[in-house]
Amino acid sequence: MAAVTSLSFSALGQSSERKVPVPTTRSFASAFEAFRFRANFYAVGVRSSSSSSSSRMVVQCMSSVTDVPTVSETKMNFLKNYKRPIPSIYNTLLQELMVQQHLMRYKRTYRYDAVFALGFVTVYDQLMDGYPSDEDRDIIFQVYIKALREDPEQYRKDAQMLEEWARSQTASSLVEFSSKEGEVEGILKDIAERAGGKGSFSYSRFFAIGLFRLLELANATEPTILEKLCAAFNISKRSVDRDLDVYRNLLTKLVQAKELLKEYVDREKKKREERVESQKANEAITKCLGEYEYTGVFW
């Protein structure tokens, strides 16, 4: 895959209806299933040479798992802090996304990094593009990240920092970050070292999307550049290609769903306007007949 085609969503008009049943919501939700992230909280390597050592390892694993909230708890944290109704198509997206990110967030090998943050911010902004209220969209972002026990300001700050850095890069300078000095270069080198086996690192589709966003901003979307960048980060290009294809298909289906939603909202708005006009006409006729009767025109 050479690059992911950039897509812009059609803006939805203001609507007083908070929930709109859309026939394609279920099909879109099923498409979102492909965007799942796998997690294994209980995979622990135990040496058989020492029973006491094995016992200690099991106890440590159980202790760490008890601190992990359930998916339901994460959802409740979100709903507790954002009580306003969310239009159905966006609510479906957020619920699915939250489940997947919860599993990834509490994975044993998970460790937050700036590229991951850039990928998530990119996904969120694309999925929530056209939301009826910009203010609510920003509040939802804050509450969503806090429900996962992370810092939304850190997400935005790191994403913006990488975006500004990438815009000033060329294809060659982007993939050669390991040979350069600087704040961003240091962050990227740390990620690459951990991905290479020198620390905790958990690859995800958010990370893949973050990589693509860096390439996009640097105007370096050639397949060879993506391959070199994956090699610099010690990441499988095959996995990145696959995950970017999933993301592209997801966005395509989302565009279609939002277009149908817009058509539905426009159609219902037109029907309401026609009903109002019809009611006004009837009221005018009734009023006119009443005046005629009062003045004795019909006598």
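Here is a short chat about the fold, core and cavities of this predicted model.

Me: What does the secondary structure of the protein come to?
Reply: Read along the sequence, the pattern is α-α-α-α-α-α-α-α-α-α-α-α. Strands number zero, so going by the DSSP runs the tally for the protein is twelve helices.

Me: Which helix gives the most to the largest nonpolar core?
Reply: That core has 70 residues, and F78, F120, I140, Y144, Y155, L188 and F233 have the most contacts inside it. Ten of the core's residues come from one helix, spanning 114-127. That's helix α5.

Me: Which residues does Y155 contact, leaving aside neighbours within four places in sequence?
Reply: Y155 is one of the residues with the most contacts inside the core. Skipping those neighbours, its partners are Q101, Y110, Y112, F116, A117, F120, V121, F141, I145 and E150.

Me: How much space lies in the second largest cavity?
Reply: There are four cavities of 30 Å³ or more. The second largest is lined by M104, Y110, R111, D113, F116, F201, S202, S204 and F207. By class, that lining has five nonpolar, two polar and two charged residues. The space inside comes to about 50 Å³.

Me: How far apart are the end C-alpha atoms of residues 247-274?
Reply: An unreviewed UniProt entry annotates this span as "coiled-coil region". In the model, the span is 100% helix and 0% strand. Its end C-alpha atoms lie apart by 40 Å.

Me: What share of the 299 residues in the protein is buried?
Reply: Buried here means under 20% relative accessible area. Counted over the 299 residues, the buried share is 42%.

Conventions:
Residues numbered from 1 in each chain as written. Predicted model: local features only at pLDDT ≥ 70, side-chain atom pairs only at ≥ 80, totals over all residues. Heavy atoms only, no water. Core = buried A, V, L, I, M, F, W, Y, C linked by side-chain atoms within 4.5 Å. Buried < 20%, exposed > 50% of the residue type's maximum accessible area, 1.4 Å probe, protein only. Helix = DSSP H or I, 4+ residues; strand = E, 2+ residues; numbered from the N terminus. Contact = heavy atoms within 4.5 Å. 1 Å grid on protein atoms, 1.4 Å probe; cavity = no way out; pocket = protein on both sides within 12 Å on 5 of 7 lines; lining within 4 Å. Points joined across faces, edges and corners; volume = space filled by probe spheres on them. Nonpolar A, V, L, I, M, F, W, Y, C, P; charged D, E, K, R; others polar. UniProt positions renumbered as here; feature names shortened; annotations may be inferred.
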